[in-house]
There are 2 protein chains.
Amino acid sequence: MRIEVVQTVEEIRQEQIAGRTVIVIDVLKAGSTIVAALNCGFASVLPVETIGQAQALRSQNVVCAGERHGKKVAEFEYSNSPTAFRIPHEAGKQLVLTTTDGTIAISKAARAAHVLIGCFLNADACIREAIRRQLDITLYCAGTRHEFALEDGLAAGMMVHLARCLVPASKVCDLGKALEASYLQIGKSLPDFLLETATGKRLAQQHGKEEVLYCGRLNEVDIVPVLINKKLVNATSAKPGDEPPTPKA
Amino acid sequence: MRIEVVQTVEEIRQEQIAGRTVIVIDVLKAGSTIVAALNCGFASVLPVETIGQAQALRSQNVVCAGERHGKKVAEFEYSNSPTAFRIPHEAGKQLVLTTTDGTIAISKAARAAHVLIGCFLNADACIREAIRRQLDITLYCAGTRHEFALEDGLAAGMMVHLARCLVPASKVCDLGKALEASYLQIGKSLPDFLLETATGKRLAQQHGKEEVLYCGRLNEVDIVPVLINKKLVNATSAKPGDEPPTPKA
């Protein structure tokens, strides 16, 4: 099993997607929001690009969440905020989510054999689910504003470390090894360390520390969002036949 | 003072060069070879792109070194090999060096305010020299075969760490912080750890372990190659006026 890390949205190449399980990592905050939304009761999360697309989908069972440049879209029920979903509610409904650039990585990865969403909240469950699918794995860091984001890199490093513990023969790219070492050095300072990252600092100023700190909690939930027919659903609730068959290793 | 890290040759942008001190990092092996060559007595190292260019420059006081795809150019005196320069000799001569891709980063960085060459062998001296020049700093990892190379990233991480100790108020990009953490986690296993990297493994198979291990020795020399009129000379022997004046911070 090969594990590769891609450090920003722009850099991914076709060969890092095709025939692989791609884990899209966007810790602050789209990835954490999606995981938290499925965990609180939503049946699915549909990422869309524009506010208009989200509005058009609205109905009694479809609620909208989203932000533009860090601010909640005024007419939506929710922002791109994981802490809004800490308490169980909205059982069985669909969430439509649009964010500044958090959904771009998901659409870029859409041609992968499997697309999962990972962050600190579900890191252990997510890498286990990826390994179970028996393909090479690409850890796809979304980054922030076209730059490498330390929090995404640390989450990738955490998943590399977990994968190497579970499958010691895994072949990991040099960047993956560097980020595993970063995680081993810094990980024990999470979640507080998130406030030291460029994105974390900015978001804490905009929205307070609590939300940033929540995104740095490790293995809080065992939900693994998987992309099926453009919607993200929990991997364990996906029905057989929903996804293309996993080839034998 | 800002410190930014660029992780491969292709990725550097004009704004990461202009008005900055750029440290080109190519641990295995062009950077280590240049540092070792100046340390053993060569007055200067002239990087050139082609074997023909190197041949044309040959004279009694100009000797040639180079490799193509890991093999010494047959008619040259030296390969791209730092261990050939461990004993003082060739005093005052010029070395002309051509490598597969090691010199590309140097030519890409040529428009910087200052271009220095750094590696593990001179990491401390190199970052001190860069700080002395009072400009923002770009640590420019050359990588190997267009991919991020862990050894270059660790050397960048080591320089970030030294810089933050010397100038605690430095502003470091997220990748620089990640690599600093990687260095703090892995650095104590150097030089042996170099044999675990993708490039280190390959070079050890081609040329034996000794040369790879030599490149992983920390702060072995205090030579800092600086680019002046297309030639690399030791920064402390550069005459006033050789370089453009350093603006005040």
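**Rings, charges and a shared core**

At 12% relative accessibility, A:Tyr78 counts as buried, since the cut-off for that label is under 20%. The model is a predicted one, and A:Tyr78 makes a handy place to start looking around. A search for aromatic pairs turns up six of them over all chains. One of these joins A:Tyr78 to A:Phe85, with ring centres 4.8 Å apart and an angle of 50° between the planes, which makes the pair tilted. A:Phe85 is buried too, because its relative accessibility comes to just 2%. A:Phe42 joins in as well: together with A:Tyr78 and A:Phe85, A:Phe42 makes up one aromatic cluster.

Over in chain B, the rings of B:Phe42 and B:Phe85 sit with their centres 5.7 Å apart and their planes at 85°, so this pair is edge-to-face. The two partners come from distant parts of the chain, 43 residues apart. B:Phe42 belongs to the loop between helix H1 (30–40) and strand S3 (44–47) of chain B, while B:Phe85 belongs to the loop between strand S5 (71–72) and strand S6 (94–98) of chain B. B:Phe42 has a relative accessible area of 3%, so B:Phe42 counts as buried. B:Phe85 is likewise buried, at 2% relative accessibility.

Back in chain A, helix H1 (residues 30–40) is largely enclosed by the rest of the structure, because 10 of its 11 residues are buried. The buried set runs through A:Ala30, A:Gly31, A:Ser32, A:Thr33, A:Ile34, A:Val35, A:Ala36, A:Ala37 and A:Leu38, and also takes in A:Cys40. Just past the end of H1(A) comes A:Gly41, with a positive phi of about 135°.

Then there is the nonpolar core. The largest one holds 166 residues, and those with the most contacts inside it are A:Ile23, A:Leu139, B:Ile23 and B:Leu139. Take B:Leu139 as an example. With neighbours within four places in sequence set aside, B:Leu139 is in contact with B:Ile3, B:Glu4, B:Val5 and B:Val6. The list of contacts for B:Leu139 goes on with B:Ile23, B:Ile25, B:Ala156, B:Met159 and B:Val160.

Next come the charged side chains. Side chains of opposite charge can pair when their charged atoms come close. Over all chains, the whole structure has 24 salt bridges. One of them ties A:Arg58 to A:Glu77, with the closest N and O atoms 3.1 Å apart. This pair links distant parts of the chain, 19 residues apart: A:Arg58 is in the loop between helix H2 (51–57) and S4 of chain A, and A:Glu77 is in the loop between strand S5 (71–72) and strand S6 (94–98) of chain A. Both ends are partly exposed, A:Arg58 at 29% relative accessibility and A:Glu77 at 38%.

Another salt bridge runs from B:Arg13 to A:Glu147, where the closest N and O atoms are 3.5 Å apart. This pair crosses between chains: B:Arg13 comes from the loop between strand S1 (2–6) and strand S2 (21–25) of chain B, and A:Glu147 from the loop between strand S8 (137–141) and helix H5 (150–166) of chain A. B:Arg13 is partly exposed, with a relative accessible area of 35%, and A:Glu147 is partly exposed at 38% relative accessibility.

A further salt bridge stays inside one helix. B:Glu129 and B:Arg132 meet at 2.7 Å, N to O, and both lie in helix H4 (residues 123–132) of chain B, three residues apart, or about one turn of the helix. Here the two ends contrast: B:Glu129 is buried, with a relative accessible area of 10%, whereas B:Arg132 is exposed at 55%. Elsewhere, salt bridges that share partners join A:Arg13, A:Glu15 and B:Glu147 into one network.

Finally, there is a charged residue without such a partner. A:Glu67, in strand S4 (residues 62–68) of chain A, is buried yet has no salt bridge. The nearest side chain of opposite charge belongs to A:Arg68, 5.9 Å away, and a salt bridge needs the atoms within 4 Å. The side chain of A:Glu67 does reach the backbone nitrogen of A:His69, at 3.3 Å. Beyond its neighbours within four places in sequence, A:Glu67 is in contact with A:Lys72, A:Val73, A:Ser79, A:Asn80, A:Thr98, A:Thr99 and A:Thr100.

Technical notes:
Residues numbered from 1 in each chain as written. Chains lettered and ligands numbered in written order. Predicted model: local features only at pLDDT ≥ 70, side-chain atom pairs only at ≥ 80, totals over all residues. Heavy atoms only, no water. Helix = DSSP H or I, 4+ residues; strand = E, 2+ residues; numbered from the N terminus. Buried < 20%, exposed > 50% of the residue type's maximum accessible area, 1.4 Å probe, protein only. Lys, Arg positive; Asp, Glu negative; His and termini not counted. Polar contact = N/O pair within 3.5 Å; in protein donor to acceptor, adjacent residues only side chain to side chain. Contact = heavy atoms within 4.5 Å. Phe/Tyr/Trp six-rings, centres within 6.5 Å; stacked < 30°, edge-to-face > 60°. Core = buried A, V, L, I, M, F, W, Y, C linked by side-chain atoms within 4.5 Å.
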